[in-house]
Amino acid sequence: MQLHKTEDMEYNVFELLFKAELKRLKLRKKDVAKHLNLTMPTLKGRVEDPNTFKIQEVKLMRELGFDIETMYNIILFRI
């Protein structure tokens with residue numbers, strides 16, 4: 001599936017931030033998936049389309065130390 005350029009950029013920025021947060025927090029995707037009670041493919045899908053994250057999952061990510069405010073701004077304002 002090909003995304004429009006702006007959508008592709010938006011999700012690309014979110015993915016980059018997600019990966020940077022993993023590194024900053026010294027976490028692996030596997031750790032996050034387990035904490036959120038998600039399968040790895042589901043987590044991958046959520047990161048590729050961040051609008052699909054559920055509120056409870058966002059709360060759990062905040063517990064892990066993720067910068068939720070910046071992530072939200074990327075989704076909302078399409079930085």
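**Note on helix H2 and its surroundings**

1. In this predicted model, helix H2 spans residues 29-36, and its buried residues are Val32, Ala33 and Leu36. These three cover an arc of only 100° around the axis, which means that they sit on the same side of H2. The opposite face, turned away from the buried side, carries the exposed residues Lys30 and Lys34. H2 thus has a buried side with Val32, Ala33 and Leu36 and a face with two exposed lysines, Lys30 and Lys34.

2. Next, the packing of H2 on helix H4. Two packed helices are described by the angle between their axes and the distance between the axes. H4 covers residues 55-64, and the axes of H2 and H4 come within 9 Å and cross at roughly 130°. Angles over 145 degrees would count as roughly antiparallel and 65 to 115 as roughly perpendicular; H2 and H4 are therefore oblique to each other. The crossing of H2 past H4 is right-handed.

3. Which residues make the contact between H2 and H4? On the H2 side they are Val32, His35 and Leu36, and on the H4 side Glu57, Leu60, Met61, Glu63 and Leu64. Sorted by class, this contact of H2 with H4 has 5 nonpolar, 1 polar and 2 charged residues. Val32 and Leu36 are among the buried residues of H2, and both take part in the contact with H4.

4. Val32 also appears in the surroundings of Leu22. Leu22 is placed in helix H1, residues 5-25. Its relative accessible area is 7%, and the limit for buried is under 20%, so Leu22 is buried. With neighbours within four places in sequence left aside, Leu22 is in contact with Leu27, Arg28, Lys29, Val32 and Phe66. Phe66 is 44 residues away from Leu22 along the chain, yet their C-alpha atoms are separated by 8.2 Å.

5. Lys19 is another residue of helix H1. Is Lys19 buried or exposed? Neither label applies: Lys19 is partly exposed, because its relative accessible area is 45%. The C-alpha atoms of Lys19 and Val47 are separated by 9.7 Å, and the two residues are 28 positions apart along the chain.

6. The loops on either side of H2 each deserve a check of the backbone. Most residues other than glycine have a negative phi. Lys26, in the loop between H1 and H2, has a positive phi near 55° and is not a glycine. Lys26 has 74% relative accessibility and so counts as exposed.

7. Just after H2, Asn37 also has a positive phi, of about 60°, although Asn37 is not a glycine. Asn37 lies in the loop between H2 and helix H3, which covers 40-48. The relative accessible area of Asn37 is 71%, so this residue is exposed.

8. Finally, the chain as a whole. The protein chain has 5 helices and 0 strands, and its elements run α-α-α-α-α from the N terminus on. Of its 79 residues, 29% count as buried. Among contacts with a separation of 6 or more, 59% are between residues 24 or more positions apart. The contact of Leu22 with Phe66 is one between residues 44 positions apart.

Terms used
Residues are numbered from 1 along each chain as its sequence is written. This is a predicted model: local features need pLDDT of at least 70, side-chain atom pairs count only at pLDDT 80 or more; totals for chains, interfaces and linings use all residues. Side-chain values use heavy atoms; hydrogens and water are left out. Buried means under 20% relative accessible area, exposed over 50%, partly exposed in between (1.4 Å probe, protein chains only). Helices (H or I, at least four residues) and strands (E, at least two) are DSSP runs, numbered from the N terminus. The arc is that of the directions from the helix axis to the C-beta atoms. Axes are lines fitted to C-alpha atoms, for helices over the stretch in contact, and angles run from 0 to 180 degrees between N-to-C directions. Angles under 35 degrees count as roughly parallel, over 145 as roughly antiparallel, 65 to 115 as roughly perpendicular and the rest as oblique. A crossing is left-handed if the near helix is turned anticlockwise from the far one by less than a right angle, and right-handed if clockwise. Contact means heavy atoms within 4.5 Å. Ala, Val, Leu, Ile, Met, Phe, Trp, Tyr, Cys and Pro count as nonpolar, Asp, Glu, Lys and Arg as charged, and the others, Gly among them, as polar.
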